[in-house]
Amino acid sequence: MSEELGKSSYDCDICKESFLEESKFNQHKQIHTEEAPYHCSICGKSFLSNSHLTQHIRIHTGEKPHHCDICGKSFSVSSSLTKHKRLHTGEKPYRCDICGKSFSNDSNLTTHRQVHGGEKPYHCDICGKSFSVGGSLTRHKYIHTGEKPYHCDICGKSFSESRSLTRHKRTHTGEKPYHCDICGKSFPDGCNLTSHKCIHTGEEPYH
């Protein structure tokens, strides 16, 4: 287990990938220690189990058998559907035991906990600012370059972050995927839902 993350993450000493759950960590280690006997006939990639091969083949076939009963969006694996449905419910079951912040999936929590570890190995070669994850550095550098690589195919407006484009496109589609489980009201953005729920709980929203 990682000392830096409060002894609550499992770190692979071969590839340095981190996991919050011991079961996933043990499954991951098999990649390094065991032969993968299941082979994709299309690209040749190998897998430890037939179920993982089945999921992989859907990348080639485009099959998405798992459907969201709220918005109709489809996914190739059930775990992706589970994570997606949290957008609708606002559920954030992964909680940081250091600061209490919650997340909808374990990978976001793993990334977040690097902030507490203090390590910031990604440095901007323009201003010197450092970041704990590479994706944050990439987004930061758009401030210097002015680059906005994410374009709306409806109106042509551009954005520096993909999530900003996703939120923007809802102004065209009217989609409101975040639903209040208390009164049923829907919102286009998770932050709007969080602020709205303060009405029910009596909490003061963050400003």
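Six elements each supply at least two residues to the lining of the largest pocket: helix 3 (78–89), strand 8 (102–103), helix 4 (106–117), helix 5 (134–145), helix 6 (162–173) and helix 7 (190–201). The model is predicted. Helix 7 gives the largest share of this lining, eight residues. The pocket holds about 2200 Å³ of space. Its lining counts 48 residues. Nearest the centre of the pocket lie Lys92, Ser104, Asn108, Arg163 and Tyr178. By class, 14 lining residues are nonpolar, 17 are polar and 17 are charged.

Two residues near the pocket centre, Lys92 and Asn108, also touch phenylalanine 103. Leaving aside residues up to four places away in sequence, the other contacts of phenylalanine 103 are Pro93, Tyr94, Leu109 and His112. Phe103 belongs to the largest nonpolar core. This core has five residues, and the other members are Leu20, Tyr94, Cys96 and Leu109.

The core member Cys96 leads to the question of disulfides. The structure holds zero of them. The closest cysteine sulfur to that of cysteine 96 belongs to cysteine 99 and is 3.8 Å away, so the pair is too far apart for a bond; the cut-off is 2.5 Å. Cysteine 96 is buried, with a relative accessible area of 0%. Cysteine 152 is likewise in no disulfide. For cysteine 152, the nearest cysteine sulfur is that of cysteine 155, 3.8 Å away. Cysteine 152 counts as buried, at 4% relative accessibility.

Technical notes: Residues numbered from 1 in each chain as written. Predicted model: local features only at pLDDT ≥ 70, side-chain atom pairs only at ≥ 80, totals over all residues. Heavy atoms only, no water. Buried < 20%, exposed > 50% of the residue type's maximum accessible area, 1.4 Å probe, protein only. Core = buried A, V, L, I, M, F, W, Y, C linked by side-chain atoms within 4.5 Å. Contact = heavy atoms within 4.5 Å. 1 Å grid on protein atoms, 1.4 Å probe; cavity = no way out; pocket = protein on both sides within 12 Å on 5 of 7 lines; lining within 4 Å. Points joined across faces, edges and corners; volume = space filled by probe spheres on them. Helix = DSSP H or I, 4+ residues; strand = E, 2+ residues; numbered from the N terminus. Nonpolar A, V, L, I, M, F, W, Y, C, P; charged D, E, K, R; others polar.
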